Amino acid sequence: MKEQNDVVLYNRIKERDKKALELLYDKYERILYSFVYRLTNSSDIAEEAVQEVFIKLWRGKGVYSDEKGKFSSWLFTITRNTAIDMVRKRKNDPIFSEEIFDFIEDDHPQIDEHLQWKEEQQRVRHAVSKLSEDQKKIIQSVYFKGLTQQKVAEEQQIPLGTVKGRVRLALRKLKTYLGTDAEGRADS
């Protein structure tokens, strides 16, 4: 269904519908930016590449068809190619080292794997959002910021045993939420 919506928006963009371009941009801007940033480790290239991709869509360059696979995979492919072109153009720029270029040339991330990873990340974030504020705060400190439980106890000025208890309860709830979510997805 999501894929169908993307294709509908793409077709509307071809008919010069600015609102459709905004919707598609809002949907993919962040994920494409982080995708290019991971490839290049450059926020400048990431911003430029994403902007260039949407300009290409607006101008009708690069035509999508169902035969090319999923719309999102196609979008990631043109984004990757755009980023590579930008790195090549900047190859002689001393700011961009040869290492960046070699990194992109050698690394061929699987676009579908990247999308799956992003979807999984959203599932986990959604599950974390269901936790109580205390549990959410501790899980974010321990698992997203990488702090030790001792450090969390010191920062939040609560006993270490309380931190451990909240982590244990939070993980139990997350296991339930994610398990329920996985069953729900399997049923649909």
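## Overall fold

The chain holds nine helices and zero strands. Read from the N terminus, its elements run α-α-α-α-α-α-α-α-α. Please keep in mind as you look around that this is a predicted model.

## Burial, surface and contacts

The chain has 188 residues, and 35% of them count as buried. On the outside, about 12,100 Å² is exposed, with carbon and sulfur atoms supplying 49% of that area.

How do the contacts spread along the sequence? Among contacts in the chain with a separation of 6 or more, 63% come from residues 24 or more positions apart.

## Where H3 meets H4

One helix pair is worth a visit in your viewer. Helix H3 covers residues 43-59 and helix H4 covers residues 71-89; their axes come within 9 Å and cross at roughly 125 degrees. Because of that angle, H3 counts as oblique to H4. The crossing in which H3 passes H4 is right-handed.

Which residues make the contact? From H3 they are Ile45, Glu48, Ala49, Glu52, Val53, Lys56 and Leu57, and from H4 they are Trp74, Leu75, Ile78, Thr79, Thr82, Ala83, Met86 and Val87. Sorted by class, the contact of H3 with H4 has ten nonpolar, two polar and three charged residues. To find it on screen, you could start from Trp74 of H4 and Ile45 of H3, both of which take part in the contact.

Technical notes: Residues are numbered from 1 along each chain as its sequence is written. This is a predicted model: local features need pLDDT of at least 70, side-chain atom pairs count only at pLDDT 80 or more; totals for chains, interfaces and linings use all residues. Side-chain values use heavy atoms; hydrogens and water are left out. Axes are lines fitted to C-alpha atoms, for helices over the stretch in contact, and angles run from 0 to 180 degrees between N-to-C directions. Helices (H or I, at least four residues) and strands (E, at least two) are DSSP runs, numbered from the N terminus. Angles under 35 degrees count as roughly parallel, over 145 as roughly antiparallel, 65 to 115 as roughly perpendicular and the rest as oblique. A crossing is left-handed if the near helix is turned anticlockwise from the far one by less than a right angle, and right-handed if clockwise. Contact means heavy atoms within 4.5 Å. Ala, Val, Leu, Ile, Met, Phe, Trp, Tyr, Cys and Pro count as nonpolar, Asp, Glu, Lys and Arg as charged, and the others, Gly among them, as polar. Buried means under 20% relative accessible area, exposed over 50%, partly exposed in between (1.4 Å probe, protein chains only). Accessible areas come from the Shrake-Rupley method with a 1.4 Å probe; for residues, only the protein chains shown count as cover.
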